[in-house]
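Hi,

Here's the structure I said I'd pass along. Have a look at it first, and my notes on what turned up are underneath.

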Amino acid sequence: MTSRWMAMAAGATMIGALAACGGSGAGGAGAGGGGEEPQSIEDMTVGVAMPTETSERWIADGAAVESQLEEAGFEVDLQFANDDIPTQQQQIDQMITKGADILIVASIDGTALANQLKAAANQDIPIIAYDRLINGTENVDHYVTFDNYQVGVQQGTSLLRGLGVLDENGEETGEEGPFAIELFAGSPDDNNTAFFWQGAIDTLQPYLDSGVLEVASGQTEMDQVTTLRWSQETAQKRMEDLLTAHYGGGKEQLDGVLSPYDGISRGIITALQNAGYGDTIEDGLPVTSGQDAEIASVKLIDTGVQFATIFKDTRKLATQAVEAAESFAKGEDPEANDTETYDNGKKVVPAFLLESDIVVAENIEPLLVDSGYWTAEEVEAGQGD
């Protein structure tokens with residue numbers, strides 16, 4: 001077990017007897033009636049559907065959710081779908097068939113699970129959407145995530161800080177540029193992409209309007225800059241194409257790139273380094289933002305290659321998901337701190353939003369090392385234990 005999981009919260013206490021519902025899930029309407037045998041958490045299974053194991057972030061989420069659910073006393077059925085929508089659909093179908101009492105779902109495509117969730121609802125199985133909102137269905141009971149619009153604001157802010165337009169306190173420095181930037185967004189089938197994008201573009205737009213920032217490619221709409229499945233390789237290829245079309249042959253030099261995710265950032269940086277921009281920011285490499293504090297990118301930040309990332313502590317997100325599962329197990333509604341923002345096209349889903357942090361080289365130690373998320377040795381190696 002890595003140092004990250006040793007630091008996890010494990011304080012969930014055992015919950016008393018819960019009325020069963022004749023084979024239904026935890027949310028069944030028959031709870032407490034008809035003299036049914038009581039059901040305890042030890043008799044309940046939570047199905048956890050995660051999108052992929054190709055991303056360090058999702059491996060960490062899966063481990064955190066599984067560990068904390070087990071600490072609370074649940075049985076856990078954790079499945080990864082390898083970014084394949086039919087696989088995830090099949091996995092959720094199997095969880096329902098095998099008798100899952102609660103489902104926690106981080107969807108690959110937020111519009112592709114309506115049939116599975118309808119089947120779950122028919123068996124009174126509560127659905128917790130994990131970090132990615134599930135759209136187009138009434139059968140989503142709760143949503144745990146970070147404040148995704150604010151994450152986008154932080155991404156835009158970190159780019160402005162890296163360019164010197166803002167100082168470390170977020171105050172304008174008077175720097176007028178112009179700075180040449182390019183924009184990347186996440187996967188178009190991920191509901192979070194639009195929130196990240198809107199937060200970032202709202203932050204950058206005043207500087208685009210004033211001429212402090214310029215986008216030589218002219219690609220400033222979200223549908224022009226998305227990156228399917230958050231792919232590092234796709235991002236690298238697009239960056240290479242942008243450099244060839246708009247920055248080659250003595251044309252304008254690129255100063256910065258808005259990137260919504262560390263894997264995308266690493267693809268962008270590889271393309272820039274291969275194009276001769278330098279190995280580090282000090283050598284002339286454009287400043288690049290990121291997200292998820294993946295250890296490979298944390299090392300790049302520590303060594304002056306990537307400028308920033310956004311730290312979303314997945315241990316806290318897992319804790320919130322487990323607390324929601326415990327609430328459903330008791331027949332209660334989970335705590336929500338946002339009941340207005342997350343409209344999935346069929347309903348506004350009650351949500352609990354967590355805060356995130358901008359990580360730059362100067363605060364890696366207090367934010368990531370001192371909290372036990374990564375060790376100093378892991379940062380130096382660029383690899384988790």
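Let's start with the pocket, since I guess that's where you'll look. The largest one holds about 340 Å³ of space. Its lining takes in 25 residues, and those closest to the centre are Ser55, Trp58, Arg229, Trp230 and Tyr261. By type, the lining splits into twelve charged, eight polar and five nonpolar residues. Four helices, H2, H6 (191-210), H8 (232-247) and H9 (262-274), each put at least two residues into this lining. H2 gives the most, with three. Do keep in mind that this is a predicted model.

Now the overall picture. The chain runs to 385 residues, 55% of which count as buried, and has 13 helices and 14 strands. If you take the contacts with a separation of 6 or more, 71% of them are between residues 24 or more positions apart.

There are two open sheets to tell you about. One has six strands with parallel pairing, in the order E4-E3-E5-E6-E7-E13. E4 (75-80) and E13 (351-354) sit at its edges with a single partner strand each, so one side of each has no neighbour in the sheet. From one strand to the next, the twist averages 15°. If you want a spot to zoom in on, E3 (residues 45-50) runs parallel to E4 and is joined to E4 by six bridges; Ala49 has Gln79 in E4 as its bridge partner.

Two helices lie across this sheet. H2 (residues 56-72), the one that gives the most to the pocket lining, crosses E3, E4, E5 (102-105) and E6 (127-130), at about 170° to E4. H3 (residues 85-97) lies across E3, E4 and E5, and runs at about 180° to E3.

The other sheet has four strands, again with parallel pairing, in the order E9-E8-E10-E11. Here the edges are E9 (213-214) and E11 (287-288), each with a single partner strand, so each has one side left without a neighbour in the sheet. E8 (residues 179-183) and E10 (residues 256-258) pair over three bridges, with Ile181 opposite Gly256.

And which helix lies across E8 and E10? That's H8, running at about 140° to E8. H8 is also one of the helices that supply at least two residues of the pocket lining.

Cheers

Notes:
Residues are numbered from 1 along each chain as its sequence is written. This is a predicted model: local features need pLDDT of at least 70, side-chain atom pairs count only at pLDDT 80 or more; totals for chains, interfaces and linings use all residues. Side-chain values use heavy atoms; hydrogens and water are left out. Two strands pair if DSSP finds at least two bridges between them. Axes are lines fitted to C-alpha atoms, for helices over the stretch in contact, and angles run from 0 to 180 degrees between N-to-C directions. Contact means heavy atoms within 4.5 Å. On a 1 Å grid over the protein atoms alone, a cavity is a set of points where a 1.4 Å probe fits but cannot get out, and a pocket is an open set with protein on both sides within 12 Å along at least five of seven lines; lining residues have an atom within 4 Å of a point. Grid points are joined across faces, edges and corners, and a volume is the space filled by probe spheres set on the points. Ala, Val, Leu, Ile, Met, Phe, Trp, Tyr, Cys and Pro count as nonpolar, Asp, Glu, Lys and Arg as charged, and the others, Gly among them, as polar. Buried means under 20% relative accessible area, exposed over 50%, partly exposed in between (1.4 Å probe, protein chains only).
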